[in-house]
Amino acid sequence: MRTSKTRAALLAGMLLAASALAGVNPPTASAAADPVTVTVNTRAGLATVPDTALGVNHAIWDSNLGTAQTSDLLRDAGVQMMRYPGGSYADIYHWKDHTAPGGYVAPGTDFDTFMAAVRRAGAQPMIIANYGTGTPAEAADWVRYANVTKRYGARYWTVGNENYGNGHYGSAWEADNHPDKSATQYARLVVEYADAMKAVDPSIKVGAVLTMPGNWPDGITAGSDPGPWNQTVLSIAGPKIDFVDVHWYPGGTAAESLARVNHLSDATYLLRQQLARYAGANADRIGISFTELNVDAGRNTQPAALFLADVYSGLLENGVFTAHWWNVHNGMGTVTQVAGQTDYGDFGMLSSGACTEDGSVCQPPLNTPFAPYHALTMMKLFAKTGDQFVRAGTDEPLVTAHAVRRGNGDLAVLLVNKDPDNAHPVTIDYAGFTPSAAAPTVSTLTNGATGIATSQSGSATSRTLPPYSLTTLVLRAAGATAGRPTAPGQPTASGVTDRAATITWPASTPGGSPIAKYEVHRQNGAVSEQLGETASTSFTVDNLVPGSRYTVNVLARDTAGRVSWASPPLTFATGSPAASTCTVRFTTNNDWGNGYIGGVEIINNGTSPINGWTLTWTWPTGWQQVSSGWSATWEQVGTAVRVTPTTDNRQIAAGGSVSAGFVGAYSGPNVLPTAFTLNGTICATG
């Protein structure tokens, strides 16, 4: 929910400022004493960069939507996808007559003008069909006009925008004229929209709106829906859709927003779990898009730039097919000072040239790039279509790292210093890659800079990162890279138990020499742990830990010792034993979006009573906790939970059970535990 999406009146009446703000050099900052260790591991492969990766939002209330200058700036920043007609306006917009009753539509923003802008920028469109005040027939007519009449080849179409904000859960900002505003009704109509639109053009991809795990209204069930929004929508519309569409505004201070990027891996993991559980057969065909992203603090200064680069990289390395900034132009908000720079509270990445109502503060001239625009340009330099993300990590929370390996053997590393006050020296270790002795190509965006500085300088293994900065290194490999085998294909897991899994993959194609063996590596942070090797294309991994998540890659090694790129990643989770002397039933009820009523029932499957017990588990994330509890003594240290009995439930009779309850809290994606230990024995789960 962004109130700024309805800033039409402000935009319609904005004044164009004649003065420009000069770039400001960052203040001199001290360097942190101890170097940060950065580890880049090319054996730990992640997702491949798609040709839709870098996206932005366009809005029909932006009179500069179709100008050549705007399109050229977006092309120069590497934009690959543009979303239209603009957030919540999508649910009041009627494309045929180019009207949005109750809102402002700027001249020169009709669909054909938008498509001309898309083509000039060399991008693809993503179009939002009007769910709130539209019909399946209207959406189908739009597809017909776009792809049959005009032959635009618009592939991606979403049904509505943030439709959970229609009042069903109490908050109402999204237009919805349907008497039934439930998730069930939305899902039923998504099916009708998809059928009608694909009857016109079967090649299009249709998306449904979901909510971000760990963010409102995730977890909340309202009315007669069978479950929360995501579960309900997927269980009904899953077989008909091709992707899901999610928005994320992490909120909080600049530091809090930047820290919450750590939620992305668990959020995308939960989304894929929901798809697998509720969306029907072949759910892995369903893609994930994040089409609105921004922050609350420092929207057009360096915090937003750091967030954009960090969050786009984090989403893309987790397999999201497109990430979009909200938005191109937006307008003046609350003016503040952020890390020595003037921030206009503007969600746009390009200046609208607006002034405050009293004229006391004006933005720089129209289309002057703000810091997020430069960060998007940095993403263009860093992650190119076809590059494979590989795992990178650091030992300092204020410094994050991402890396991609390119088809020509080069490696690109993106370093984000989130510390507004201190420069951080870094040392970079490489696994599976040896950089050449040549100086890397270095691109840097510093706080207050009006562009990216690029040079060839320094070494591949050490660097000092300016405060509040983005730095990209592009490195050549030492020695020849030709002749290696191709990467193995996408692995799959079968026979997953609490302790074992069988990994199978499509074979590599040999390069200069025959393939000698395949190696199976587990990602353990930015370090790989080899689980085994085989001459075949299947391997059973034993000695796994119950209730744990594993991400593995397969590499091929030929008889000359050349090693392939890493396969695409495979993530799977072990569960609990099929049978045990104890069973634990873990329940969650009455979820309110950041907490719930939890319960544990402990069942004694043995033939003798249990006299005294200790139940333990570990939360999968660092933002989950037991707030309070009853019918037991509850303790939590770090992520470890320990539950012990009261005087009246110390004994569990053979075949009997005891129960205890707690209030659970979470401030990010709520990944539930799946392994529980009672008196040192791992229990089954029921």
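The following exercises, each with a worked solution, concern strands, helices and buried residues in a predicted model.

Residues are numbered from 1 along each chain as its sequence is written, and side-chain values use heavy atoms, with hydrogens and water left out. Because the model is predicted, local features need pLDDT of at least 70 and side-chain atom pairs count only at pLDDT 80 or more, whereas totals for chains, interfaces and linings use all residues.

**Exercise 1. Strand S15**

Determine which strands pair with S15 and whether S15 is buried or exposed.

Step 1. Helices (H or I, at least four residues) and strands (E, at least two) are DSSP runs, numbered from the N terminus. Two strands pair if DSSP finds at least two bridges between them.

Step 2. Strand S14 (residues 399-405) is joined to S15 by seven bridges in the antiparallel sense; within this pairing, Val404 stands opposite Ala412. The two strands form a hairpin with five residues between them, and Gly409 in the turn has a positive phi of about 95 degrees.

Step 3. Strand S20 (residues 469-475) also runs antiparallel to S15, over seven bridges, with Val416 opposite Leu470.

Step 4. Buried means under 20% relative accessible area, exposed over 50%, and partly exposed in between (1.4 Å probe, protein chains only). In a regular strand the side chains alternate between the two faces of the sheet. On one side of S15, Leu411, Val413, Leu415 and Asn417 are buried, as are Ala412, Leu414 and Val416 on the other. Seven of the seven residues of S15 (residues 411-417) are thus buried, so the strand is largely enclosed by the rest of the structure.

**Exercise 2. Helix H10 and its packing**

Compare the expected span of H10 with the distance between its end C-alpha atoms, and describe how H2 packs against H10.

Step 1. The expected span of a helix is 1.5 Å times one less than its number of residues. For the 12 residues of H10 (residues 371-382) this gives 16 Å, which agrees with the 16 Å between the end C-alpha atoms.

Step 2. Because 10 of its 12 residues are buried, H10 is largely enclosed by the rest of the structure; among the buried residues are Pro372, His374, Met378 and Phe382.

Step 3. Axes are lines fitted to C-alpha atoms, for helices over the stretch in contact, and angles run from 0 to 180 degrees between N-to-C directions. Helix H2 (residues 68-76) packs on H10 at about 45 degrees, with the axes 9 Å apart. That makes H2 oblique to H10, given that angles under 35 degrees count as roughly parallel, over 145 as roughly antiparallel, 65 to 115 as roughly perpendicular and the rest as oblique.

Step 4. Contact means heavy atoms within 4.5 Å. Leu73, Arg75 and Asp76 of H2 meet Tyr373, Thr377 and Lys380 of H10.

**Exercise 3. Strand S2 and the loop after it**

Identify which strands pair with S2 and state where Thr52 lies.

Step 1. S2 (residues 36-48) pairs in the parallel sense with S16 (residues 422-431) over six bridges, and Val36 has Val426 as its bridge partner.

Step 2. With S13 (residues 388-394), S2 pairs in the antiparallel sense over six bridges; here Thr48 is partnered by Gln388.

Step 3. Thr52 lies in the loop between S2 and strand S3 (54-57). At 3% relative accessibility, Thr52 counts as buried. Not counting residues up to four places away in sequence, Thr52 touches Gln80, Met81, Gln124, Tyr156, Phe321 and Thr322.
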